[in-house]
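Good morning, and thank you for the time on today's agenda. I would ask you to keep the sequence and the three-dimensional view open while I speak.

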Amino acid sequence: MAKSKLPSIDDTPADVATDDKKPNPAPEPKPKQVQPPAPPSSEHIDDHAEDYDFQLQSADRFLMEIKLADRPPTRAEYVYFLRELGWDEVEVRTQLRRIGSVLRHKAIAGSVADREAAIVEAEKAAAAHKKHSEKLEAEIKKLTSQLRVLDDDKRLSQQRVDQQAAAVQALRDIAPDHIKQKHNQLKREAKETIGKELGDKKIRLNEIECCLDRDRFPDVHAYLESVKRSYPKAIEYQEHWPDRLQFTKAWPEIKERIEAELDELRPEVEQLEAELAEKLEAAQSELDWYATE
């Protein structure tokens, strides 16, 4: 029996691929040409622009309402601006500032009729100025010159008076000693007599006025303490509040009496003030030893 023959590499059929050979790759499909989109028509652009203009007009109207109401935008308004115009909160605040400027300038500018009327008024004013300004400027120049003369007269006259007063005082300062002694004696006598009486009456007048004027004191207790010092019978301590003062039943009569005294004191003080001024002026005149001529 013959032995079977083992297959060798040579026995491999020619159409069978070996490990040393690779199959040819399939050809790639050619890419399809993509046509560019057609440009938008002019009608489409115009429609879009009209829509955007309408949105801006609506936004301006809302912004004006917000600004005139002097309030911040609501959440719904923020959402509207973001959805319709793409404005965030920062942009909305920027637009509100812009609308504020718009409203301010619109108020100044006024309507077309207002501006036309203003132009007419300006033309009338310019015509009136051209007609009368030259004459008025001449009158102003004349009056200014007259006023300057009056000012100079006033200044020089007052300067002369001041110089004379200074000279008189200098003459009084160099008066003889016996004249100065007489002056001092008369002045001292006026103060010791009329001056002292006037001082006492002024003290009494102030005391009465304090008793009748609550507003001179910081509080009621201080006022009642002052009245108590002047009129002990007019003030007493409260029965249930020993640290609190109150008027007594005698106060109305006391008040009426001191009001009558006040009416007498005021003219007396005025009279004494006039007498004292007269006495002091007479004493001062003694020094006019060199200034009587």
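**Two helices and their surroundings**

Let us begin with a pair of helices: α2, residues 75-85, packs with α3, residues 89-109, at an angle of about 95°, and their axes are 10 Å apart. Helix α2 is therefore roughly perpendicular to α3. On the side of α2, the residues making this contact are R75, Y78 and F81, while α3 contributes E89, V92 and R93.

I should say at once that this is a predicted model. The chain has 7 helices and 2 strands, and along the sequence these follow the pattern α-α-α-α-α-α-β-β-α. Of the 293 residues in the chain, 18% are buried. If we take the contacts between residues at least 6 apart in sequence, 55% of them join residues at least 24 apart.

Just before α2 in the sequence, please look at D70, which belongs to the loop between α1, residues 42-69, and α2. Is D70 buried or exposed? With a relative accessible area of 71%, D70 is exposed. The backbone of D70 also deserves a remark, since its phi is near 55°, a positive value in a residue other than glycine. As a general point, most residues other than glycine have a negative phi.

I turn now to the aromatic residues. How many aromatic pairs does the structure hold? The count is 6. One of the pairs is formed by Y223 and F247, whose ring centres are 6.2 Å apart. Their planes stand at 70°, and because an angle over 60 degrees counts as edge-to-face, that is how this pair is classed. The pair links distant parts of the chain, for Y223 is in helix α6, residues 220-230, and F247 is in strand β2, residues 245-247, 24 residues away. Y223 is buried, at a relative accessible area of 8%, whereas F247 counts as partly exposed, at 32%.

Elsewhere, F62, Y80, F81 and W87 form one aromatic cluster. F81 has already been named in the contact between α2 and α3. Another member of the cluster, F62, has R61 lying over its face, at 5.5 Å from the ring centre. A second arginine, R244, places its charged end over the ring of W241, 4.3 Å from the centre of that ring.

Following strand β2, we come to T248, in the loop between β2 and α7, residues 251-285. T248 is buried, with a relative accessible area of 14%. Which residues does T248 contact, once its neighbours within four places in sequence are left aside? They are K233, A234, I235 and E236.

Finally, the cysteines. Why is there no disulfide between C210 and C211? Their sulfurs are 7.0 Å apart, which is too far for a bond, because a disulfide requires the two sulfur atoms to be within 2.5 Å. Seen from the other side, C211 is in no disulfide, the sulfur of C210 being the nearest cysteine sulfur to its own. The total for the structure is 0 disulfides. Both residues are buried: C210 has a relative accessible area of 16%, and C211 has one of 1%.

Methods
Residues are numbered from 1 along each chain as its sequence is written. This is a predicted model: local features need pLDDT of at least 70, side-chain atom pairs count only at pLDDT 80 or more; totals for chains, interfaces and linings use all residues. Side-chain values use heavy atoms; hydrogens and water are left out. Buried means under 20% relative accessible area, exposed over 50%, partly exposed in between (1.4 Å probe, protein chains only). Rings of Phe, Tyr and Trp (its six-membered ring) pair if their centres lie within 6.5 Å; planes under 30 degrees apart count as stacked, over 60 as edge-to-face and the rest as tilted. Helices (H or I, at least four residues) and strands (E, at least two) are DSSP runs, numbered from the N terminus. A charge sits over a ring if NZ of Lys or CZ of Arg is within 6 Å of the ring centre and within 35 degrees of the ring normal. Axes are lines fitted to C-alpha atoms, for helices over the stretch in contact, and angles run from 0 to 180 degrees between N-to-C directions. Angles under 35 degrees count as roughly parallel, over 145 as roughly antiparallel, 65 to 115 as roughly perpendicular and the rest as oblique. Contact means heavy atoms within 4.5 Å.
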